[in-house]
Amino acid sequence: MKRYMTRLLLPLLLLSGLGAVAQSYQVNLAPLDGIELKPDNIFNYQVVNNAGKAERVKLTGTVVFRQQNIQFSYQTTLTVQPGMNILGQLNPHATWNFSSNGLKELFQQYSKLPQGTYEYCVSLQPIIQGGEQPEGPSIDECLYQTVNDIFLISLAEPEDDAKLLETHPNFNWTVNYPFAGQLTYRLRVAPMQKGQNKANAIMRNPAIYTEKNISGMAKMYPATARELEKFKPYAWTVDAYYKDVLLGGAEPWMFTIIEDTFKIAISPDQPYYDVVNSKNAAKLYAVGGLKLKYILNDANADVLSYAIFDEKGKQVSIDIPKTNVVIGDNYFKIDFAVTERLRHMKTYRIEITSERGRKYNLNFIYINQDLIKG
């Protein structure tokens, strides 16, 4: 009878012990609810010690992103005092583990997490007195958060719902991350079906064009890509990557081609334009670049610098090397083939300034060489 009673009481005692451990500690992640995790706030949660004395505990934190192979974790041991303990005030020294170096740098150096939904769980286990091994069951608490940075990446051109004349538009976007220079981008263009909105088209439809590892914030739709159809709406967006980690994406925009100007008949062999003596009588085309003639008669040498402005008077961000000119006739070409800031068949103004104080303004139409008949 005694043996039977012992067998009956043992499980009850064990269950009672588990309940006592659970009642002795509480983990409260509520202070982090709605706040994006950063290195300086990830420990800003509470541990309540109801054991009545200071004890050593092991804490394990894990951050796992849903439907992505992205996660990181930390482990630390520390002493919690009776009552409420704010972990951030205890200066815990944790050991970290990240699923990739890119994620580690993104979080620890730039205080950012990738776009997506993640689960942050903290596990607490008391440590046996005089040892370093956890004792008994863990106390677990989890929190779900969503990072959505669509407003940190903004599409610029073509404007939303733009009606375009060119079949090879130039895409531009802006990024307000302080470490934008460390990012690469993926451009996606997808057809929109009847009844679809822009977000559904980008999410569900196969992309008609996509390109990864774009280092700048501009890309022209290439002549080698599948031709865009007239009067068919297209959605487009840009995603930003820090190394192998998807950081976020822009809110999709749409555009429609309304007239096909592909392969217009303009001679690629344009004459040199006399900057000093001409009066803009003829229409000036820049076929891949501007061919200019500059006559210097009153000095042995001078230096020309340049600025480009669009039709609205906004300066276009293009770095054009300065030109050294000497006395007499100077012939040279300003090459635009290496930039994607200029749009095919659009009018621009170039401001030419010499170190001797002369200034000239020329209006020209930019022509992409890939889009004209040879």
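How many salt bridges does the structure hold? The answer is 14. Keep in mind that this is a predicted model, so let's treat it as a computed picture and take a stroll through a few of its parts.

**A small open sheet**

Start with three strands that form an open sheet, lined up in the order E9-E11-E14 with antiparallel pairing. Strand E9 (153–157) and strand E14 (218–220) stand at the edges; each has a single partner strand, so one side of each is left without a neighbour in the sheet. Going from one strand to the next, the twist averages 20°.

Now zoom in on E11 and E14. These two run antiparallel and are joined by three bridges. Across from Phe 171 you'll find Lys 219 in E14. Asn 170 belongs to strand E11, which covers residues 170–175. Is Asn 170 buried or exposed? Its relative accessibility is 2%, so Asn 170 counts as buried. The side chain of Asn 170 also reaches the backbone nitrogen of Met 220, at 3.4 Å.

**Strand E20 and its partners**

Next up is strand E20, residues 289–309. Of its 21 residues, 16 are buried, so the strand is largely enclosed by the rest of the structure. Which strands does E20 pair with? Here are four partners, each with one pair of residues that stand opposite each other.

| Partner of E20 | Direction | Bridges | Example pair |
|---|---|---|---|
| E18 (residues 273–274) | parallel | two | Asp 274 and Lys 293 |
| E22 (residues 323–335) | antiparallel | 12 | Leu 296 and Gly 328 |
| E23 (residues 347–354) | antiparallel | six | Phe 309 and Arg 349 |
| E21 (residues 315–316) | antiparallel | two | Ile 308 and Val 316 |

E20 and E21 also make a hairpin, with five residues between them. In that turn, Gly 313 has a positive phi of about 85°.

**Back to the salt bridges**

Here's the basic idea: side chains of opposite charge can pair when their charged atoms come close.

Take Arg 343 and Glu 157. They form a salt bridge whose closest N and O atoms are 2.6 Å apart. This pair links distant parts of the chain, since Arg 343 sits in the loop between E22 and E23 while Glu 157 is in strand E9, 186 residues apart. Arg 343 has a relative accessible area of 13%, so it is buried. Glu 157, with a relative accessible area of 23%, is partly exposed.

Another salt bridge brings together the side chains of Glu 159 and Lys 312, at 3.9 Å from N to O. Glu 159 lies in the loop between E9 and strand E10 (162–164), and Lys 312 in the loop between E20 and E21, so the pair ties together parts that are 153 residues apart in sequence. Glu 159 counts as partly exposed at 48% relative accessibility, and Lys 312 counts as exposed at 72%.

Then there's Lys 163, whose side chain meets that of Asp 161 in a salt bridge of 3.1 Å, N to O. Lys 163 has 47% relative accessibility and counts as partly exposed. Asp 161 counts as partly exposed too, at 41%.

Which residues do salt bridges with shared partners join into one network? They are Glu 157, Glu 166 and Arg 343.

Definitions and conventions
Residues numbered from 1 in each chain as written. Predicted model: local features only at pLDDT ≥ 70, side-chain atom pairs only at ≥ 80, totals over all residues. Heavy atoms only, no water. Buried < 20%, exposed > 50% of the residue type's maximum accessible area, 1.4 Å probe, protein only. Polar contact = N/O pair within 3.5 Å; in protein donor to acceptor, adjacent residues only side chain to side chain. Pairing = 2+ DSSP bridges. Axes fitted to C-alpha atoms, helices over the stretch in contact; angles between N-to-C directions. Salt bridge = Lys/Arg side-chain N within 4 Å of Asp/Glu carboxyl O.
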